[in-house]
Amino acid sequence: MMHGNGIPFSQRQRGATAVARWRPELDTTGTIASFSSTPKTRFTIGGDSYEVQGAGKSYSLSSPDAQTLQFELQPGDYAWFDTSSVDRDEIAADQLIQPGTPIGIDYQFMVQPNGSDGSFTNTASWFVAGEMHNDDLALGSTVHTSPPFAMQLDGNHLQLVARYALPGGNPSNGSPDLHMLTLWTDPNPIVPGQYYDINIQANVSNTSAGYLDLSINGTKVVNYSGPLGYGAPTYWEEGLYRNAGPTQTVTADFRNLTLVTGSMASGWTGVGGSSTTPPVTTPPTPVTTPAVTQATASPATGTEVVGNTITLALGFNEAVTVTGTPTLSLNDGNTATYVSGSGTGTLTFKTTVASTDTSTSALAITGVNLPSGASIKDASGVAANLSAALTTFAGLQIDPTQPAVTQATASPGTGLELVGSPITLTLGFNEAVTVAGAPTLALNDGDTATYVSGSGTGALTFKTTVASTDTSTSALAITGVNLPSGASIKDASGVAANLAGAVTTFSGLQIDPPPSPPTSPNPPTTSPLPLLTITDNTLTVTKGGGTVGLGTNVSTNDPNGVVTVNIKGLPKYETITDQLDGRTFSGKSITLTEAEVDSGLTLQSNYHGNGTPVATLTLTATGKDSVTGTVATSASQTITVTDPAPATATSPASTLANQGFALLNQHLAGNTGHLDHGQIVAAVSNGEGLVHDGVLTRPQH
């Protein structure tokens with residue numbers, strides 16, 4: 001239940017006449033003077049000034065004698081500064097009490113019967129009957145709080161509640177920083193027509209210096225020590241204040257109100273008390289308030305990371321019963337949820353570290369939350385004092401960011417690695433890590449990579465060298481991370497790294513150690529250096545489908561030699577085909593076996609452009625001794641390939657026409673311009689015969 005009440009102190013002061021905002025409270029008599037029932041006016045009790053805050057009805061406030069105030073609250077009664085959502089009939093002190101000041105309050109309280117059978121009925125969801133109100137304006141114009149502590153009517157039972165927000169917290173209603181404690185609920189219903197002596201000892205301080213004690217008819221029922229209030233000044237209000245809606249008329253008497261502060265507060269018993277209180281036929285039963293006596297955590301120390309579960313246990317001074325689902329607020333921003341223990345003296349809560357939690361060097365319980373329907377009470381129905389649940393667990397760290405491998409890389413990243421070849425493997429992490437000892441990486445070739453550097457950074461470097469004892473593999477892989485005795489990989493908080501991401505396969509990075517050398521006493525000593533020969537280094541191929549032989553051969557004197565020829569620079573419009581199996585190769589860099597080269601290579605041009613492109617092919621032969629593993633490479637040689645345009649074809653018809661015109665010219669030259677038409681026509685129409693050739697070549701006279 002959250003509610004704000006009372007007009008801001010400073011606003012009341014604007015209409016006050018010479019009322020000090022702060023002086024020691026010295027009301028030791030409870031005597032009423034200059035009584036007034038008119039709203040916004042003031043009278044005094046024991047010399048302290050109080051403002052009337054109510055509906056101002058004829059029945060709202062009266063003073064039957066100089067020690068007694070009688071309040072009557074009917075549905076729809078509220079003060080000038082209220083809305084119709086509440087009913088109010090109260091008086092409010094003008095004097096402020098500074099935080100951290102000891103306070104002693106004593107008065108007698110009685111409700112009148114309001115039922116037809118002389119009973120008392122109250123159906124309000126909340127009903128305040130005396131409160132220490134906060135000076136909200138001292139905390140800012142937007143802050144609206146509920147009272148740091150209040151005597152209430154819970155149905156027809158007296159009740160004491162307290163609230164606090166730790167320094168720096170937001171005390172506004174609805175804030176997660178606001179904590180409410182139900183410190184006591186009388187298990188016996190209130191007896192109408194009988195006075196109850198209420199004695200309060202308090203220090204409204206939201207630090208460990210705070211406390212709140214309550215005695216009813218001389219019997220202490222609350223002994224609370226812990227944060228109280230919001231670190232701001234307070235002032236006393238008494239009367240009747242509830243939510244709107246109930247139909248009951250409630251009448252209550254307050255008498256012999258005394259309020260002292262400072263050194264006088266300790267042990268203050270007030271006036272009247274039991275000696276002037278009429279006999280109570282059914283006094284409140286002395287109550288032992290159930291209370292938290294300790295809070296423990298398991299694990300108690302260490303660093304907890306995402307996914308780790310922490311068990312928190314609250315120990316009580318007696319068995320308690322849980323209804324609903326209480327939770328514990330934690331300083332990492334998470335909550336712990338109740339799981340078990342109802343009916344015993346220990347309640348268990350659990351929380352799991354989440355990635356959204358805030359890192360903290362010491363986990364702490366900052367509050368106990370009792371959502372709607374939740375409660376922690378003893379067998380008598382007395383609500384437990386939960387203040388001692390607020391505990392800091394020194395040494396229990398929360399680190400939601402666990403160091404982890406995010407990637408693994410190899411250098412070289414691809415290729416064929418032979419005996420003696422070094423390989424560098426690097427593990428990347430999501431944060432800087434520190435290495436102790438000598439971690440290693442297990443590899444699928446049977447070898448290991450040893451840590452060499454990177455501690456204090458986010459990348460650790462490991463190295464391995466291919467050995468003759470390694471197993472051949474088409475793709476080197478890290479299969480695990482080994483942490484021998486004394487070795488570790490942790491972050492700055494000491495959290496061990498998650499190394500699962502190190503397991504990686506490097507596609508294309510082959511390991512090919514040679515087989516065991518032969519046991520022959522005379523191992524081959526022949527060099528595997530191949531001999532590459534090229535017949536013609538300048539070739540021409542007709543574009544658009546023309547072909548030309550490359551005239552290339554390769555050989556080796558090493559009986560154990562394995563030879564390949566690499567050709568670079570082949571343009572995309574040319575291909576090479578071997579005569580071994582008719583395989584066609586293309587691309588900027590191709591590698592052929594000795595058998596493919598020596599079978600005969602044919603280059604084909606598929607160029608269809610208008611230019612005359614020239615390509616330079618670079619050929620390099622490599623030989624490897626399969627026994628010793630020795631590798632030798634020949635000097636590179638080049639072949640220049642030009643793709644000229646094909647010769648233009650001449651059609652028979654155009655050739656015949658050209659020969660006809662030549663004949664005509666020859667005839668004219670030999671006959672002074674006279675033309676024998678029959679002779680020319682015969683020659684031109686002679687088709688494929690040789691007559692026209694003869695005519696062209698025969699002199700004309």
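Strand 9, residues 127-134, and strand 16, residues 234-243, pair antiparallel over 6 bridges. One residue to find on screen is His 133, whose bridge partner in strand 16 is Tyr 235. This is a predicted model, so please read the pairings as predictions.

Now the sheet around that pair. Strands 9 and 16 sit in an open sheet of 9 strands, and the order is 2-3-4-7-16-9-10-11-12. The pairing in this sheet is antiparallel. Which strands stand at the edges? Strand 2, residues 32-33, and strand 12, residues 179-185. Each has a single partner strand, so one side of each is left without a neighbour in the sheet.

Next, strand 47, residues 637-642. Strand 37, residues 538-540, runs parallel to strand 47, with 3 bridges joining them. There, Leu 539 stands opposite Val 641. Strand 45, residues 614-625, is joined to strand 47 by 6 bridges, and that pairing is antiparallel. Thr 616 has Thr 640 of strand 47 as its bridge partner.

Last, confidence. The chain has a mean pLDDT of 86, with 84% of residues at 70 or more. Where is confidence lowest, and where highest? Helix 6, residues 691-697, is lowest, at a mean of 42, while strand 22, residues 335-340, is highest, at 97. Residues 13-20 have pLDDT below 50, and this stretch has 12 contacts in the model beyond near neighbours in sequence. Over residues 677-701 the pLDDT also stays under 50. For that stretch the model has 33 contacts beyond four places in sequence.

Methods
Residues numbered from 1 in each chain as written. Predicted model: local features only at pLDDT ≥ 70, side-chain atom pairs only at ≥ 80, totals over all residues. Heavy atoms only, no water. Pairing = 2+ DSSP bridges. Helix = DSSP H or I, 4+ residues; strand = E, 2+ residues; numbered from the N terminus. pLDDT = per-residue confidence, 0-100. Contact = heavy atoms within 4.5 Å.
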